[in-house]
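Here's a quick briefing to read alongside the model. Take a look at the structure first, then go through the points below.

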Amino acid sequence: GENLDSERSYDRFRGLVGQQHWSESDRTMVFLAQDIALSVPCQATYARPQDQSGLFHITYAQHSRNVANTAMDLGLSAQAVAAALLHDVLEDTLYPKTELLRQFPQAVIDMVEALSRPKDSSREQFLEHVAQLDGEAKVVKALDRYDNLIRGLGIQDPAYHQRILAETEKYYDPIYAGEPRLAGLRPSYELFKSEVARLFGN
């Protein structure tokens, strides 16, 4: 995660895409995913009250790009980067799944669905699902939580942070401890957890 302004965040995104050893069709796919994540329909229907009230100091649009940028830093595939950009679209916006199915390979759709909490799933059930993720989906979900730790620092609600911290330690610490691709990010992850605990802990 990175608290860059939108223009600098996009410049970094564009530069990282240019550095990847991807086919032209993969680059096109990733830019399309970014366009959808930043589209007016997605921004208008994003459901998190913390975003709507401006409590997160990194916008939803920038959040999805931050997750994608870090995914590229870690050398994940174009499919995983596209899924990183789209990871909240099915869960939190009204963008139709039929459109995603028309626009992206099934591998991307499968990963987005794996990263999305079903409407009939409790938070606890979904976190148990997160603990069972594997491959690149597991890495992207860990990057999502990392950026959300940073995004949420502006929320002045100790109960919220204590719940998030308990969840993070139970479900995400094992991912960061066991996934080699996250080793370089682990010190920053631990730092932000410590900062949340310092500011909002019991």
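S64 counts as buried because its relative accessibility is 0%, and the cut-off for buried is under 20%. Keep in mind that this is a predicted model. S64 sits in helix 5, which runs over residues 60–73. Below is what surrounds S64, followed by another buried spot and the salt bridges.

**Around S64**
- Setting aside neighbours within four places in sequence, S64 touches A37, L38, A84, L85 and H87.
- Two of the helices in this briefing take in some of those contacts: A37 falls within helix 2 (24–37), while A84 and L85 fall within helix 6 (78–86).

**Helix 9 and its cover**
- Helix 9 spans residues 106–114, and its buried residues are V108, I109, M111, V112 and A114.
- Plenty of helices help cover those buried residues: helix 2 (24–37), helix 6 (78–86), helix 7 (89–92), helix 8 (97–103), helix 10 (123–132) and helix 11 (135–151) are among them.

**Salt bridges within a helix**
- If you're counting, the structure has 14 salt bridges.
- One of them pairs R102 with E99, with 2.7 Å between the closest N and O atoms.
- Both R102 and E99 belong to helix 8, where they are three residues apart, or about one turn of the helix.
- R102 counts as exposed because its relative accessibility is 59%, and exposed means over 50%.
- E99 has a relative accessible area of 26%, so it is partly exposed.
- Over in helix 11, D144 and K141 are about one helical turn from each other because they are three residues apart.
- The D144 and K141 side chains form a salt bridge, at 3.1 Å from N to O.
- Both ends of that bridge are tucked away: D144 is buried and K141 is buried too.
- There's also a network here: R123, R145, R163 and E167 are joined by salt bridges that share partners.

**A salt bridge between helices**
- E124 and K170 meet through their side chains in a salt bridge, 3.7 Å from N to O.
- This pair ties together distant parts of the chain, with E124 in helix 10 and K170 in helix 12 (residues 158–178), 46 residues apart.
- E124 is partly exposed because its relative accessible area is 42%.
- K170, at 52% relative accessibility, is over the 50% cut-off and therefore counts as exposed.

Key. Residues numbered from 1 in each chain as written. Predicted model: local features only at pLDDT ≥ 70, side-chain atom pairs only at ≥ 80, totals over all residues. Heavy atoms only, no water. Buried < 20%, exposed > 50% of the residue type's maximum accessible area, 1.4 Å probe, protein only. Helix = DSSP H or I, 4+ residues; strand = E, 2+ residues; numbered from the N terminus. Contact = heavy atoms within 4.5 Å. Salt bridge = Lys/Arg side-chain N within 4 Å of Asp/Glu carboxyl O.
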